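Let's take a friendly walk through a structure you haven't met before. Have a look at it first, and then we'll go through a few spots together.

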Amino acid sequence: MAHRQHQISTPDATQTRRIASRLPASLMASVASGLLLGACSWIPGSHLVGISETAAPAGGSIGTVVADEPQAALVGHDVLARGGNAADAATATALALGVTLPSRASYGGGGACLISRPGEAAQSISFLPRPGTSKGADRPAGTPASFRGLYLMQLHYGTVEFNDLIAPALNLASTGITVSRALATDLAAVHTALLADESARTIFGRGEASTLAAGDSLAQPRLAGFLERIRVAGVGDLYNGALADVYVTAAQKAGGGLNDDDMRQTLPVQTDALMTHQGGMTASFLAPPADGGLGAAIRYTTGASAQGAVAAWRASGNTTLAAAQAALDSGRSGSGSLPSLPASTSFVVTDHSGMAVACALSENNLFGTGRIAGSTGVVLSASPARTPQPLLSAAILRDQRSLRAVIAASGQNEAADAVGDAARAAAHDVPIPHEGAGRINAIVCHGDDSCHGVTDPRAAGLAAGTTNDSAH
């Protein structure tokens, strides 16, 4: 069986046994069968490149990760330090956010990522939840789209084994995290609704009347069991195998209305990114169905309202990349308003080779449906049939010689405007503004000098690391 170029960690049998001993009964049999399905990953004699063979490049530093939640940012930076590239680090960061910020990045949700390598056209990968189609759901859920989307990105652009990138998130879920200010703020915002669900209260509650606060410890053994199952049996098991049955059954009991066909049809979409060229600068943006990229691109090129542009786009009924590129090229800004949009989170990554990744993730509502998919420990996303689509937005700027900026944002209705304004600032080599409700995560480069991470000073994120000189 072929293996990826790098492996950033080695299997830990003790850790596997420790996690398995705490698995809920409903997942135990699933994991046992998965050991057989995934056995080829550990065939004696198979060549697995060890960590000693994946040292960071000599000279300079390794890259930068900027995220809304510090523990997830550190996971991504550790992957860079162990020899992974930006796609590997982005995958690990997103998976870690599923543990450290389940209010916005639960595995039950989805998102979109923008990927750019020097000398190549940037790509946009969208992995959005599908609505459940079973009738009688009292709290309709969306399908879990993140794993398939992240797997696609890492398969095309990564260098390490996908299983290795699950391991940091699995360890965080098993051993526990420190509740960050970002998660504590989200818990406080929805504590009444969240505590109404017994399963959610068991995970996130501090007694009967309050939720966990910043600095508290949070272990999620059921979520660790879910991750171990995927690590052993593969991502496909969540969509076509025994784990799909476990997830669907749990979602049905939680009123989510998912079925096996919904899971099978949850597929990521990869296209070219939206592109614009101005003043020697090439700017790439997320493409539909992540239409926040179109709004940000129009804001960047014309200064017009990104919200208005997206409202006009959604009203038009267009869905194709060609139509979005034509709208951008025409300079038509559009008008209209959007309803209150769902919460999201974002992060950006660069590496020593000049690859850049910018992602936005969402559950279509803060804490999705507010219910847990049973023994999996996964927060169910809200059905996209019941909520407006989140404004997922990201941009990457390059000039003829170097990477100039990698930008993503949250902030609900103002996320796309924030990305457009940040991109305009980066193109003109002025500080990124932090105004309004938009919350920017960015990596900015100045000519041939090193790049630096930028977090919103009003938020609680972290910029970890710096890049090499950016002349790529």
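What follows is a short tour of one helix pair and three residues.

Keep in mind that this is a predicted model.

**A pair of helices**

Two packed helices are described by the angle between their axes and the distance between the axes. Here the pair is H4, covering residues 86–100, and H7, covering residues 162–175. Their axes come within 9 Å and cross at roughly 25°. Angles under 35 degrees count as roughly parallel, so H4 is roughly parallel to H7. As for handedness, H4 and H7 make a right-handed crossing.

Who meets whom? On the H4 side you'll find Asp-88, Thr-91, Ala-92, Leu-95, Ala-96, Val-99 and Thr-100. Facing them from H7 are Phe-162, Leu-165, Ile-166, Ala-169, Leu-172 and Ala-173. Sort the residues of this contact by character and you get ten nonpolar, two polar and one charged.

**Three buried residues**

Now for some single residues, starting with where each one sits and its relative accessible area.

| Residue | Place | Relative accessible area |
|---|---|---|
| Leu-101 | loop between H4 and helix H5 (102–105) | 1% |
| Cys-113 | strand S2 (residues 110–116) | 1% |
| Ser-381 | loop between strand S12 (356–362) and strand S13 (393–398) | 0% |

Buried means under 20% relative accessible area, so Leu-101 at 1% counts as buried. Cys-113 is buried too, at 1%, and so is Ser-381, at 0%.

Let's begin with Leu-101. Leaving aside residues up to four places away in sequence, Leu-101 touches Glu-69, Ser-106, Ala-182, Leu-183, Asp-186, Thr-345 and Glu-363. The C-alpha atoms of Leu-101 and Phe-367 are separated by 9.4 Å, though these two residues are 266 residues apart along the chain.

Next up is Cys-113. With residues up to four places away in sequence again left out, its contacts include Gln-123, Ser-124, Phe-127, Met-153 and Leu-286. Val-357, Ala-358 and Cys-359 also touch Cys-113. Gln-270 is 157 residues from Cys-113 along the chain, and the C-alpha atoms of the two are separated by 9.5 Å.

Which residue offers its backbone oxygen to the side chain of Ser-381 at 2.8 Å? That's Gly-108, whose backbone oxygen lies 2.8 Å from a polar atom of the Ser-381 side chain. Not counting residues up to four places away in sequence, Ser-381 touches Gly-108 and Gly-109, and among the others are Pro-129, Pro-140, Ala-141, Gly-142 and Thr-143. Glu-363, Gly-368 and Thr-369 touch Ser-381 as well.

Notes:
Residues are numbered from 1 along each chain as its sequence is written. This is a predicted model: local features need pLDDT of at least 70, side-chain atom pairs count only at pLDDT 80 or more; totals for chains, interfaces and linings use all residues. Side-chain values use heavy atoms; hydrogens and water are left out. Axes are lines fitted to C-alpha atoms, for helices over the stretch in contact, and angles run from 0 to 180 degrees between N-to-C directions. Helices (H or I, at least four residues) and strands (E, at least two) are DSSP runs, numbered from the N terminus. Angles under 35 degrees count as roughly parallel, over 145 as roughly antiparallel, 65 to 115 as roughly perpendicular and the rest as oblique. A crossing is left-handed if the near helix is turned anticlockwise from the far one by less than a right angle, and right-handed if clockwise. Contact means heavy atoms within 4.5 Å. Ala, Val, Leu, Ile, Met, Phe, Trp, Tyr, Cys and Pro count as nonpolar, Asp, Glu, Lys and Arg as charged, and the others, Gly among them, as polar. Buried means under 20% relative accessible area, exposed over 50%, partly exposed in between (1.4 Å probe, protein chains only). A polar contact is a pair of N or O atoms within 3.5 Å; within protein, one must be able to donate a hydrogen and the other to accept it, and residues adjacent in sequence count only if both atoms are side-chain atoms.
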